[in-house]
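Subject: Handover of a structure and notes on its contents

Dear colleague,

Please find below the structure that I am passing to you. My notes on what was found in it follow directly after.

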Amino acid sequence: MDTKQAVYETTMAVVDKHGAKQDKLHAILLDLQDASGMNYISPEVSAVVADALQMTPAKLYEVLTFYSMLHSTPQAKYLIEVCTSTPCYFTKSKLIVDTLEKELGVKEGKATQDGLFVFHCVQCFGACDVSPAVKVNHVVYGPLDTEEKVAALIADLRSKA
């Protein structure tokens, strides 16, 4: 089976799982992004989804670029989202950002050379009860209120890579 056929079949399996309806687009894109291995939606996958849902590629691209949790360029194996909304800010989200920069050796939005990590600062994802918090590939971790907790999370993720 060639690569184009594999992309088509994999994409259609996710579309079929949710139902080929435009109101399922967000869920479809999230599942496809997770399945990509690099946390993004490729142009080839976008084209298959647009066709399956009878949408224009431009309309699909509007959705893909509107939501901060969706990406149209390769990210990394572990996509870390740091909540920087007010509750997390006051409970040390800056400490998380500073520690991630130190532990990973990259600034926000830049992937590590090994392709394992990238982190972005985002607004609230609803984990105020465990702030300051991060979300790694849709799993929430918190409270991460010390450098040691952040470093331990990164070490744990590295050990699973």
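What pattern does the chain follow when read along the sequence? In this predicted model, the order is α-α-α-α-β-α-α-β-β-β-α. The chain thus holds seven helices and four strands. Its C-alpha trace spans about 45 × 30 × 25 Å along the principal axes. Of the 161 residues in the chain, 39% are buried. Among contacts with a separation of 6 or more, 62% join residues that are 24 or more positions apart.

Strand β1

I would suggest beginning with strand β1, which covers residues 78–83. Six of its six residues are buried, so β1 is largely enclosed by the rest of the structure. Side chains in a regular strand alternate between the two faces of the sheet. In β1, Tyr78, Ile80 and Val82 point one way, while Leu79, Glu81 and Cys83 point the other way.

Which strands pair with β1, and in which sense? With β2 (residues 117–122) the pairing is parallel and runs over six bridges; within it, Val82 has Cys121 as its bridge partner. With β3 (residues 134–136) the pairing is antiparallel and runs over three bridges, and here Glu81 stands opposite Lys135.

Helix α6 and Ser93

Helix α6 comprises residues 93–104, and Ser93 belongs to it. The end C-alpha atoms of α6 are 16 Å apart, which agrees with the 16 Å that its 12 residues should span at 1.5 Å a residue. Just after this helix, Gly105 takes a positive phi of about 75°.

The buried residues of α6 are Ser93, Ile96, Val97, Thr99, Leu100 and Leu104. An α-helix has 3.6 residues a turn, so residues three or four places apart point the same way. The cover over the buried residues of α6 includes β1, β2 and β3, together with α5 (86–90) and α7 (147–160).

Is Ser93 buried or exposed? Its relative accessible area is 2%, and because buried means under 20%, Ser93 counts as buried. Leaving aside residues up to four places away in sequence, Ser93 touches Val82, Cys83, Thr84, Cys88 and Pro132. Val82 and Cys83 are residues of β1, whereas Pro132 lies in the loop between β2 and β3.

Loops and backbone features

Pro132 also deserves a remark for its backbone: the peptide bond from Ser131 to Pro132 is cis, with omega near 0°. The bond from Gly142 to Pro143 is cis as well, with omega near -5°; Pro143 is placed in the loop between β4 (139–141) and α7.

The loop between β3 and β4 contains Asn137 and His138. Asn137 has a phi near 45°, a positive value in a residue other than glycine. His138 is not a glycine either, and its phi is about 80°. Asn137 is partly exposed at 28% relative accessibility, and His138 is partly exposed at 36%.

Ser68 sits in the loop between α4 (57–66) and β1. With a relative accessibility of 53%, Ser68 counts as exposed. Ser68 and Glu81 are 13 residues apart in sequence, and their C-alpha atoms are 10.0 Å apart in space.

The cavity and the largest pocket

How many cavities of 30 Å³ or more are counted? The count comes to one, and the space in this cavity is about 40 Å³. Its lining consists of Gln33, Asp34, Asn39, Met69, Leu79, Glu81, Asn137 and His138. The elements that give two or more residues to this lining are α2 and β1. By class, the lining has two nonpolar, four polar and two charged residues.

The largest pocket holds about 210 Å³ of space. It is lined by 14 residues, and those nearest its centre are Val7, Thr11, Ser36, Ser42 and Val45. Helices α1 (3–18), α2 (25–35) and α3 (43–52) each supply at least two residues of the lining. The largest share, five residues, comes from α1. The lining of this pocket divides into seven nonpolar residues, six polar and one charged.

With kind regards

Note on methods
Residues are numbered from 1 along each chain as its sequence is written. This is a predicted model: local features need pLDDT of at least 70, side-chain atom pairs count only at pLDDT 80 or more; totals for chains, interfaces and linings use all residues. Side-chain values use heavy atoms; hydrogens and water are left out. Buried means under 20% relative accessible area, exposed over 50%, partly exposed in between (1.4 Å probe, protein chains only). Contact means heavy atoms within 4.5 Å. Two strands pair if DSSP finds at least two bridges between them. On a 1 Å grid over the protein atoms alone, a cavity is a set of points where a 1.4 Å probe fits but cannot get out, and a pocket is an open set with protein on both sides within 12 Å along at least five of seven lines; lining residues have an atom within 4 Å of a point. Grid points are joined across faces, edges and corners, and a volume is the space filled by probe spheres set on the points. Ala, Val, Leu, Ile, Met, Phe, Trp, Tyr, Cys and Pro count as nonpolar, Asp, Glu, Lys and Arg as charged, and the others, Gly among them, as polar. The expected span of a helix is 1.5 Å times one less than its number of residues.
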